[in-house]
Amino acid sequence: MKHKPELQTGKLGVLLPGLGAVASTFIAGVLAVRRGISEPIGSLTQMGTIRLGKRTEHRRPAIRDFVPLADPQSMVFGGWDIYSDNVYDAAQKAGVLDGRLLDELRDELSSITPMPAVFDRQYVHRLDGTNIKRAADKMEFARQLMDDIAGFRERNSCDRLVMIWCGSTEIYIEESDVHQSIEAFEQGLKDSHPSIPPSMIYAYAAIRMGIPYANGAPNLSGDVPALVELAKQTGTPIAGKDFKTGQTLMKTILAPGLRARMLGIDGWFSTNILGNRDGEVLDDPESFKTKETSKLSVLGSILEPDLHPLLYGDLYHKVRINYYPPRGDNKESWDNIDIVGWLGYPMQIKVNFLCRDSILAAPVVLDLALFLDLARRAEMSGIQEWLSFYFKSPQTRKGLPPLHDLQKQLIKLENTLRHMQGEDLITHLGLDYYQE
Ligand SMILES: NC(=O)c1ccc[n+]([C@@H]2O[C@H](COP(=O)([O-])OP(=O)(O)OC[C@H]3O[C@@H](n4cnc5c(N)ncnc54)[C@H](O)[C@@H]3O)[C@@H](O)[C@H]2O)c1
């Protein structure tokens, strides 16, 4: 890592494969904040502060003053989608933001039109669009994406770029031989190997060009050995998978607290109703399996049933998502948690979260774009585990168990920033406050 990376003032291009609900809410939000008509609530980079030194020193600068983050004013946006709607139309259809707000931003939003996508229905069964590329093989698709990226950079005079996958959740694919090395992967692209879905082709194109890449969906995408190796080789920071927003965010706030007090958990039943296009895609069992795997992974790692078989050994964890069109993007989730206390007495916790999916995801996209750009300038390459804070299924080095506890993830993120700027790390030991 390079300490104290320099501030760069040129334009930062944010490229988004998938210009649907999350992407359009993110772009419209940044434009609204830029004009001073809304506030960036939920964004750590825009609203967060960081403690430096001892508690008694009272040094708490804003994160954006402490590390040299790009200014959202300098962002330009582009992307790809299988539908040719511009971002204004996409936002209208997504129905997340108020029509009056969108109308105020109409000119800027309408000027962002999707480039034709790399897409194959084999990987997302419920969608069918016409704004798609044609090519003889998957390597040719990757080249077309790299041409798109170079063209975007030139047209918009971008100094730097980042790419964040905001496309639909693809079907469940397991890592296999074709993902094990750069050579095998590039051969697989030439052979149009079926285990290389579109999201991996976008990831490859970005990483090959040294463009930081994050994956907001649970599909593998950049999380295979070949692309991790390529990221190290090209000096590219990467992160994933699956934005941590509604129900799983709550789970990774609550479960660490219950475990900290050594309260047992017999069962955790989580169900959701969701009516947006994401919900429609997840209604397909093969896409749902990818999401389910991501959502189920968090409790085991937080509770460590192997260490505490009495408390968590028989935990029954179930996650359901039901597509229910009337709710649109306003997802509702219910959690029933059967917990066990002193002498084995049972208790229950109910959580009913009436959330707005894309409202929770948009600030995550903003923070990831800014932190990944910072990581690139700090010469941090490969997997950026310090960005686990933003993901349901954090990407880590092979064999290294991910951290899911939100507070531990925040400590890791903050200590990474302190380390970058040459400040003392904070361990919370605090014995020195009491030394005579
Ligand atoms: N909203 C959240 O809180 C949240 C949380 C975690 C993960 N996610 C994930 O983020 C992604 C986006 O969510 P959303 O609500 O915006 O969904 P959405 O359906 O509104 O948008 C996804 C867009 O991706 C496009 N797309 C699909 N395949 C593509 C391809 N190969 N190339 C280019 N475009 C493609 C679709 O046409 C669609 O417009 C989904 O995978 C979702 O599971 C969302």
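Before we start, one definition: axes here are lines fitted to C-alpha atoms, for helices over the stretch in contact, and angles run from 0 to 180 degrees between N-to-C directions. Keep that in mind, everyone, and remember that this is a predicted model.

Let's use it on a pair of helices. The axes of helix H1, residues 21-34, and helix H15, residues 357-377, come within 8 Å of each other and cross at roughly 65°. Angles of 65 to 115 count as roughly perpendicular, so that is the word for how H1 and H15 stand to each other. Their crossing is right-handed.

Which residues meet there? From H1 we have Ala21, Val22, Thr25, Phe26, Gly29 and Val30, and from H15 they meet Ser358, Ile359, Ala361, Ala362, Val365 and Leu366. Sorted by character, the residues of this contact are nine nonpolar and three polar, with no charged ones.

Now to the sheet. It is open, has seven strands, and reads S3-S2-S1-S4-S5-S6-S11 in order, with parallel pairing. At its edges are S3, residues 115-116, and S11, residues 382-383; each has a single partner strand, so one side of each is left without a neighbour in the sheet.

Let me zoom in on one pair. Strand S5, at residues 213-215, runs parallel to strand S6, at residues 237-239, and two bridges join them. Here Ala214 of the one stands opposite Ala239 in S6.

Finally, what lies across the sheet strands S1, S2, S3 and S4? That is helix H7, residues 138-155, which runs at about 145° to S1, the strand at residues 11-17. Thanks for listening!

Terms used. Residues numbered from 1 in each chain as written. Predicted model: local features only at pLDDT ≥ 70, side-chain atom pairs only at ≥ 80, totals over all residues. Pairing = 2+ DSSP bridges. Helix = DSSP H or I, 4+ residues; strand = E, 2+ residues; numbered from the N terminus. Contact = placed C-beta atoms within 7 Å. Parallel < 35°, antiparallel > 145°, perpendicular 65-115°, else oblique. Left-handed = near helix turned anticlockwise from the far one by under 90°. Nonpolar A, V, L, I, M, F, W, Y, C, P; charged D, E, K, R; others polar.
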